[in-house]
Structure formats: structure tokens, C-alpha cells
Amino acid sequence: MEPKYAACVVLAFSLMVIITYYLQPHGVVADATQTASLSLNASQSPAKKIPERMFGLAFEEINHSGAGGLWAELVSNRGFEAGGPNTPSNISPWTIIGNETSILVSTDRSSCFDKNKVALQMEVLCDVDGDNICPTGGVGVYNPGYWGMNIEKGKRYRVAFYVRSLQPIEMSVSFIGSKEQKLATYDIKDDDVAEWKKMEMVLEAYGSDANSRLQLTTSKSSTIWLDQVSALPLDTHNGHGFRQDLFNMLAALKPGFIRFPGGSYVEGGRLMNAFRWRETIGAWEERPGHFNDVWQYWTDDGLGYFEYLQLAEDLGTSPIWVVNIGISRNEQVDNSLLMPFVQDTLDAIEFARGDASSTMGSARAAMGHPEPFDLQYVAAGNQDCWKKNYRGSYMKFYNAIKEAYPDIKIITNCDASAAVLDHPADLYDYHVYTNANSMFSMAHNFDHTSRNGPKAFVSEYAVTGGEAGRGNMLKALAEAGFLIGLERNSDAVEMASSAPLFVNVNDQRFNPDAIVFDSSKVYGTPTYWMQHLFKASNGATLLDSTLQSPSSSLTASAISWTDADSGRSYIRVKVVNFGGNRVNLKLSVEGLDNRSIESAGSTLTTLTSTNVKDENSFKEPKKVSPVINALKNASNKMTFVIPPYSFISIDLLRKSHVIQDAGSNGVYESRVI
Ligand code: AHR
């Protein structure tokens with residue numbers, strides 16, 4: 001064939017592929033009804049237990065998830081270190097109040113903290129009287145936080161900072177709203193500040209504004225140094241520093257585990273910028289902070305190694321620590337130089353688990369947690385298997401950790417689903433980012449993988465690309481199909497989490513994400529809500545089920561589970577319809593007679609939307625979220641109409657369990673979670 005004809009054929013074929021792809025299930029609802037049947041065996045013999053930790057969370061310091069997110073610190077660049085260790089340095093987002101005739105602001109290296117030497121110097125040129133009178137309100141600096149501080153009327157905030165001055169100081173510490181209104185203020189007079197001194201105060205807000213700032217001002221001619229300025233709401237979760245509304249979003253998922261602190265964040269673009277646990281523990285003022293060079297922002301490391309372990313404990317879940325094994329995105333430490341890195345990791349494990357009298361355990365105890373944390377999993381690196389030094393590094397870490405802590409489960413980056421591993425591991429990490437069709441079909445990915453080797457930890461999965469929008473129903477649906485596949489293969493897959501978890505709308509570095517927030521608001525994307533329908537699966541029993549369907553767009557699974565709060569037991573059937581047809585699904589439950597299903601208390605939960613590209617937003621946070629309806633006349637043989645592009649969960653209440661919270665007539669009302 002002549003080259004020009006060959007080119008035409010290739011072009012025509014490519015067009016066909018593209019057109020076929022876009023005609024796939026992407027929101028076109030066909031006006032047809034299909035019939036399918038699902039039969040399941042509720043006798044639980046032989047019982048297949050789904051792992052207790054099956055569905056959990058992957059937290060990464062990405063998109064300002066922690067700094068400016070879950071970590072409730074309101075001040076951004078609190079130690080003036082974000083501009084680097086050399087002075088003069090950029091103090092952004094700090095801003096000067098006043099002009100060069102009234103105030104000169106600079107940085108020097110005079111801090112009282114050895115690991116973060118940069119401090120702010122304010123030379124106040126104006127005064128209350130004389131030739132150069134200060135402007136009304138004074139001069140100084142303000143910090144806008146992370147795209148505005150959320151200050152709420154009646155709430156209390158602990159403000160702390162370090163100060164030194166050549167003269168007695170008279171300063172005002174205030175929260176100011178976006179319309180210049182004062183929301184809270186505290187005046188300080190101190191003539192004993194020749195040496196660095198910590199100032200600490202509680203400000204109660206008498207107004208609200210989600211776009212406020214913290215300012216420190218004076219009208220007195222003086223030279224003042226400031227460092228480590230912090231403002232934290234007093235109502236963080238358990239007083240542990242976690243923003244309560246964001247914490248609640250996580251807790252509501254009843255996660256089986258939490259993986260931290262990343263992702264690529266663990267690797268760092270350069271090792272010098274990677275997360276180093278030791279630099280993130282101890283007093284907050286003494287932490288140097290570091291530049292997150294993968295996601296391009298500074299973090300003060302208020303959310304450090306200790307806080308991650310505390311977060312896991314507060315969520316009642318298992319921490320999974322991803323450790324850097326001497327490999328960044330651009331460097332690989334030679335194996336002969338690795339021992340200090342290995343020892344550093346052993347120290348970290350001792351910090352988490354050691355007795356309060358051990359060297360590192362005592363450092364944890366000094367931070368207020370004498371009891372060990374329940375660290376049982378360590379993941380060695382992130383997406384590093386393909387790198388030349390990975391196996392050598394991995395083995396050094398593996399051998400040293402296993403020798404000291406034989407019970408710790410070690411997770412390799414190398415994929416054991418396709419080939420037998422050439423090194424020992426308790427689990428293998430598996431990441432998947434792909435389009436919706438391929439994610440849905442990956443429900444079968446683990447159908448035939450080995451049941452003998454280590455199980456998979458699917459620690460990052462997400463539908464990505466334009467079709468996923470900023471996290472729409474299509475994305476959630478395809479992922480639900482994938483999770484159904486994981487659930488059915490939970491003898492080969494131990495754990496799974498979507499990624500990324502959080503995004504601060506003001507700095508989206510990775511799209512889409514599961515939970516969206518700004519300084520004051522939060523909502524879950526459909527992916528977040530989809531995961532609610534899997535939380536009952538942790539520790540549940542997988543039931544044998546057979547689906548007969550004319551279309552491959554349908555997938556289903558069934559479990560038997562008990563609600564720990566009410567003690568009630570259910571059969572839960574989950575069905576994903578990833579196609580544009582309605583489906584009449586005939587459900588039959590064997591091994592259970594009709595009398596053993598309680599109609600009142602049985603429910604049908606539906607996650608769908610009129611348009612599969614629909615998303616949630618701050619305006620409509622629950623536009624796409626599960627809707628629960630009572631199932632009237634529930635029995636072991638029922639027919640359901642499954643809407644196009646929908647995810648449904650049928651919960652059949654098993655008899656002999658008291659209904660505690662149904663309405664007075666014993667029937668559930670239709671309600672939204
Ligand atoms: O989840 C976002 C990023 O995607 C993670 O940091 C990385 O592991 C993956 O490539």
C-alpha cells in the first residue's frame with residue numbers, strides 16, 4: 001500500500017476508535033429496559049470474610065490537604081521560613097501594613113529556634129506623637145492564612161507568637177474581616193521583651209467572616225522581631241489540631257486504615273525536600289518545615305508524624321506509614337550509603353511503638369502520648385519499583401524492620417498481580433488512574449491473580465481525565481464497579497483507597513479529588529458518597545452471588561453484615577449499572593426463607609443523577625448523594641428497577657433484631673444521608 005493510503009487507513013481507524021470511545025457509556029440514556037437476575041446464597045457456607053481494613057483512606061499532603069486543610073493552623077508561613085534560609089527572604093503571604101515612611105520590614109537569622117533561624121524584623125518609624133504620626137490603626141504585618149481565615153462569632157482562637165524588642169512594646173493582635181471590620185482583638189503591653197519571649201492569648205470572635213486575616217500592629221516607634229506566629233481554633237477535634245468539619249468527613253466513612261503522608265509527597269522531587277519524620281515531631285515552634293517540591297508549596301509541618309499517628313487513633317483506624325527508602329523522584333541513594341536511612345526508619349517505628357522509657361518512645365511520651373500507637377504497616381517507597389536501586393534498598397529496609405519488628409507488615413511497590421515477586425513482602429502496592437470504561441472493566445482485574453503470594457493494597461485508584469470533570473457521577477460509578485470487583489476478590493486484595501482524598505479549591509494540584517473544601521465549607525464529590533456504600537463491607541461476609549445479565553454494564557456483589565451501633569444484621573446487595581438502559585433486576589436470596597426478612601427496616605439506597613456528568617458543589621453539596629428509601633414488602637424474591645447510570649444498595653434486615661430507630665409506625669421515611 002502506498003504510504004499516503006496507509007496514512008489514510010491509520011487516520012480512519014484512529015477516528016473510528018475515538019468515535020467508538022466517546023459513544024461508550026458517557027451519559028446517553030437509552031430508552032430500553034433490560035432484564036437481569038441476581039441470585040445469592042445467604043447461608044454463608046463457606047463463609048468468606050472481607051478484611052476488617054478493606055476500605056480506607058489515602059491521605060497525602062497534596063492540594064493543601066493538610067497545611068491549609070485538615071491541619072487547622074490558620075497562619076500560613078508562621079515561622080517566616082517559606083522563603084528559604086537565606087535573607088533577605090520572601091515573607092509571602094505576609095503583607096505589610098503601612099508604607100516605607102512608617103515601617104520597614106525585613107528578615108534576619110536571629111530566631112531563638114536553631115532549626116528555623118529566620119525571624120521577621122519590623123522597624124517602626126512612626127509614633128503616637130511627634131513629626132511622624134502612625135496611621136489610624138497602626139502599622140505592622142498581617143497574614144491572610146490559606147486564602148482567608150475562617151473566623152466565626154463566639155468561637156475562641158489561641159494566638160501565640162514569639163517577640164523581642166529593643167524597647168517596651170505596645171501591640172494589638174486582631175482578626176480583621178474582608179470588609180475591614182474588627183472581629184476580635186487583644187492588646188499587649190510589655191516592657192520585658194529584650195530577650196525572645198512567648199506571647200499567648202485567646203481571642204473570642206464577636207463577628208464572622210470566612211475571609212479574614214490576622215494582624216499584628218503597633219503605633220509606637222520601636223524595633224520589633226517576630227517569629228513563629230500561630231493561630232488555632234480551640235475547637236479542633238479532641239483539641240488535637242484537626243479541623244473538625246474535615247475530620248468529620250473522614251470519620252463518617254468509618255475507614256479501615258489511613259495511609260500517610262503520600263504519595264509522591266513521600267518521595268520528594270529531591271530528597272532534601274522529602275517528608276522527614278524526625279523534623280516534624282516535637283514542639284511546633286521548633287519544626288523547620290519544608291518545601292513540598294512535588295506539589296509546590298511550603299508546609300510548616302504542624303501536621304507531622306506524631307499528628308498522623310494521632311489522626312489514625314482518633315479515627316479508630318490503622319495507620320499505614322509510607323516511608324522514603326532513600327529514593328526521590330530524581331535521586332537514588334547508593335545501597336552502600338543507606339544504613340543511616342534504615343536506622344532513621346527504625347527510630348520512627350520505635351517512636352510510634354516503643355515503650356515510653358525507650359529512647360524514641362520517650363520522645364512520643366513527651367508529646368503527651370505515653371501509650372504506643374498501633375503501627376502495624378510500613379509501605380517501602382511510593383511507585384518506585386521500576387527504579388534501579390529499589391530492590392536493593394527495599395531488602396535493606398525489609399530485613400532490618402523484620403528483624404526488629406517481625407509483626408510489622410511490609411508493603412512493596414512492585415506489582416505481584418502479573419508476575420511472582422522476586423523479593424519477600426506482606427502486601428504489594430497497586431495504583432490505578434485510568435478512564436471510566438477501563439476502571440469499570442478493571443472490576444475483573446484480580447479475578448485470576450494468584451491467591452498464594454502477597455495480597456494487593458490498592459492504595460490509589462481514581463478515574464481521571466476530562467470525562468471525570470472535577471469529580472462527577474461517571475467517575476464514582478466506574479470506581480464503584482471497580483470496588484465491587486475488589487470486594488469479590490477480597491481473598492486477593494486486602495485494602496483499597498481512592499486518591500487524592502482532599503482538595504482545597506484554591507490550590508488544586510491534582511484533579512479530581514474526593515473531598516472539596518475552602519476555609520469554611522466542605523462537600524463530598526460523588527466518589528466520596530460512593531464510598532459510603534462500601535463502609536459496611538469492612539469485616540463483613542462476602543456471599544456467593546450469580547449475576548445473569550445481557551449487558552456487561554451491570555455488576556453486583558452481596559454481603560452479610562451487622563451494624564455495630566444497632567446490632568441489626570443485614571444482607572446488602574450492591575449493584576452498579578454503568579449503562580444507559582434501565583434494568584429490571586430479579587433478586588432471589590437462597591438459604592433464607594421469606595419469614596426471616598423484616599420489611600420494616602429494610603432499605604434501598606440509590607446514588608444516581610439525571611446527568612452522569614453531574615457534580616456536587618458548595619452551592620449544591622449533596623446534589624449527587626445517596627438517597628435512602630424504605631423497602632416496602634421486602635422479601636427474599638423481589639424485582640428492582642435499576643435506573644441507568646446508577647449505584648444501588650439493597651439492605652434486607654434479617655429478622656429477630658429489634659428495630660430501634662424506625663419511625664413510630666415502624667417505617668423508614670425517605671431520607672438523604
Ligand atoms: O494521588 C496523586 C499522586 O498520584 C500520588 O502522589 C502518586 O502516588 C500518584 O502518582
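The paragraphs below lead through a predicted model, beginning with a sheet, moving on to helices that pack together, and ending with individual residues in loops.

A good place to begin is the open sheet, which is formed by eight strands in the order S3-S15-S18-S19-S20-S21-S22-S23, with parallel pairing. The two edge strands are S3, made of residues 57-58, and S23, made of residues 493-498, and each of these pairs on one side only. Strands of a sheet pair through backbone hydrogen bonds, and the pairing can be either parallel or antiparallel. Within this sheet, strand S18 (residues 318-323) and strand S19 (residues 377-380) run parallel and are joined by four bridges, and across this pair Trp321 stands opposite Val378 in S19.

From the sheet the reader can pass to the helices by way of helix H7, which spans residues 390-404 and lies across S19 and strand S20 (409-412), running at about 175 degrees to S20. Two packed helices are described by the angle between their axes and by the distance between those axes. In the case of H5 and H7, the angle is about 35 degrees and the axes are 10 Å apart, and H5 passes H7 in a right-handed crossing. On the H5 side the contact is made by Met339, Phe341, Val342, Thr345, Leu346 and Ile349, while H7 contributes Lys396, Phe397, Ala400, Ile401 and Ala404.

Helix H5, which covers residues 339-353, also packs with helix H4 (residues 305-314), at an angle of about 45 degrees and with the axes 11 Å apart. Because of that angle, H4 counts as oblique to H5. The crossing of H4 past H5 is right-handed, and the contact is made by Tyr305, Phe306 and Leu309 of H4 together with Ala348, Ile349, Phe351 and Ala352 of H5. Ile349 of H5 is thus named in the contact with H4 and in the contact with H7.

The loops deserve a careful look as well, and Asp518, in the loop between strand S25 (515-517) and strand S26 (522-524), is a useful example. Is Asp518 buried or exposed? Asp518 counts as buried, because its relative accessibility is 12%, which falls under the 20% cut-off. The side chain of Asp518 reaches the backbone nitrogen of Ser520 at 3.0 Å, and a polar atom of this side chain lies 2.7 Å from the backbone nitrogen of Lys521. When residues up to four places away in sequence are not counted, Asp518 touches Arg243, Asn504, Val505, Asn506 and Phe618.

Some other loop positions can be picked out by their backbone geometry. Most residues other than glycine have a negative phi, and most peptide bonds are trans. In the loop between S3 and strand S4 (95-97), where Pro88 has its place, the peptide bond from Thr87 to Pro88 is cis, with omega near 0 degrees. Phe80 is also found in the loop between S3 and S4, and although Phe80 is not a glycine, its phi is positive, at about 60 degrees. Phe80 is buried, with a relative accessible area of 0%.

Strand S15 (257-260) is followed in this account by the loop between S15 and helix H3 (264-267), where Gly263 is placed. The peptide bond from Gly262 to Gly263 is cis, with omega near 20 degrees. In the loop between helix H2 (244-251) and S15 lies Lys254, which has a positive phi of about 45 degrees although it is not a glycine.

How values were computed
Residues numbered from 1 in each chain as written. Predicted model: local features only at pLDDT ≥ 70, side-chain atom pairs only at ≥ 80, totals over all residues. Heavy atoms only, no water. Pairing = 2+ DSSP bridges. Contact = heavy atoms within 4.5 Å. Axes fitted to C-alpha atoms, helices over the stretch in contact; angles between N-to-C directions. Buried < 20%, exposed > 50% of the residue type's maximum accessible area, 1.4 Å probe, protein only. Polar contact = N/O pair within 3.5 Å; in protein donor to acceptor, adjacent residues only side chain to side chain. Parallel < 35°, antiparallel > 145°, perpendicular 65-115°, else oblique. Left-handed = near helix turned anticlockwise from the far one by under 90°.
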